[in-house]
Amino acid sequence: LIISLSGSVLLPTGNLILVILWMVVAFFGGSWYFKYLPDTYDISNEERPYWVQDVGHITVSCAPEDWEDANATAWSNLVDDVQKVIPGGGAQ
């Protein structure tokens, strides 16, 4: 939220120094929040607070089977979410 709001204020000014400063703060803030902080909890074997997020393990594949599995999973998740919001509804 802080990075988003500060970007909305600083970026339209066009000041190159402020834009670079915002980019550095956004990069290192994101790295700290999504990489360093979860790794710290994993190393210390402490339970993560609910607000700590992790990017997980990301893999890229060009295999058609993997794309098919990913699309099937995404579709079933979408259908499940719609059915939770609209009782008895959802596309099948």
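These notes go through a predicted model of a protein, from its overall fold to single residues.

1. Overall layout. The protein has 3 helices and 0 strands. Along the sequence the order is α-α-α. Two of the helices matter for the points below: α2 covers residues 16-44 and α3 covers residues 64-85, with a loop between them.

2. Burial and contacts. Of the 92 residues in the protein, 10% are buried. Among contacts with a separation of 6 or more, residues 24 or more positions apart account for 0%. The exposed area of the protein is about 7800 Å², and 67% of this comes from carbon and sulfur atoms.

3. A nonpolar patch. Leu16, Ile20, Val24, Phe27 and Phe28 make a nonpolar patch of about 540 Å² on the surface. One of them, phenylalanine 27, lies in helix α2. Its relative accessible area is 53%, and the cut-off for exposed is over 50%, so phenylalanine 27 counts as exposed.

4. The salt bridge. The count of salt bridges comes to 1. The partners are aspartate 39 and lysine 35, whose closest N and O atoms are 2.9 Å apart. In general, side chains of opposite charge can pair when their charged atoms come close. Here the two residues are 4 positions apart in helix α2, so about one helical turn separates aspartate 39 from lysine 35. Aspartate 39 has a relative accessibility of 28% and therefore counts as partly exposed.

5. The loop after α2. Asparagine 45 sits in the loop between α2 and α3. Its phi is near 60 degrees, a positive value in a residue that is not glycine. As a rule, most residues other than glycine have a negative phi. Is asparagine 45 buried or exposed? Its relative accessibility is 70%, so asparagine 45 counts as exposed.

6. A negative patch. Glu65, Asp66, Glu68 and Asp69 gather on the surface as a patch of negative charge. Aspartate 69, one of these residues, belongs to helix α3. With a relative accessibility of 47%, aspartate 69 counts as partly exposed. The value falls in the range for that class because buried means under 20% and exposed means over 50%.

7. Points to look at in the model. On helix α2, a reader may start with phenylalanine 27 and with the pair of aspartate 39 and lysine 35. Asparagine 45 can then be found in the loop that leads to α3, and aspartate 69 in helix α3.

Definitions and conventions: Residues numbered from 1 in each chain as written. Predicted model: local features only at pLDDT ≥ 70, side-chain atom pairs only at ≥ 80, totals over all residues. Heavy atoms only, no water. Buried < 20%, exposed > 50% of the residue type's maximum accessible area, 1.4 Å probe, protein only. Contact = heavy atoms within 4.5 Å. Areas by Shrake-Rupley, 256 points an atom, 1.4 Å probe, with all protein chains shown as cover. Patch = residues over 30% accessible without salt bridge, like charges linked within 9 Å, V, L, I, M, F, W, Y side chains within 5 Å. Salt bridge = Lys/Arg side-chain N within 4 Å of Asp/Glu carboxyl O. Lys, Arg positive; Asp, Glu negative; His and termini not counted. Charge placed at Lys NZ, Arg CZ, Asp CG, Glu CD.
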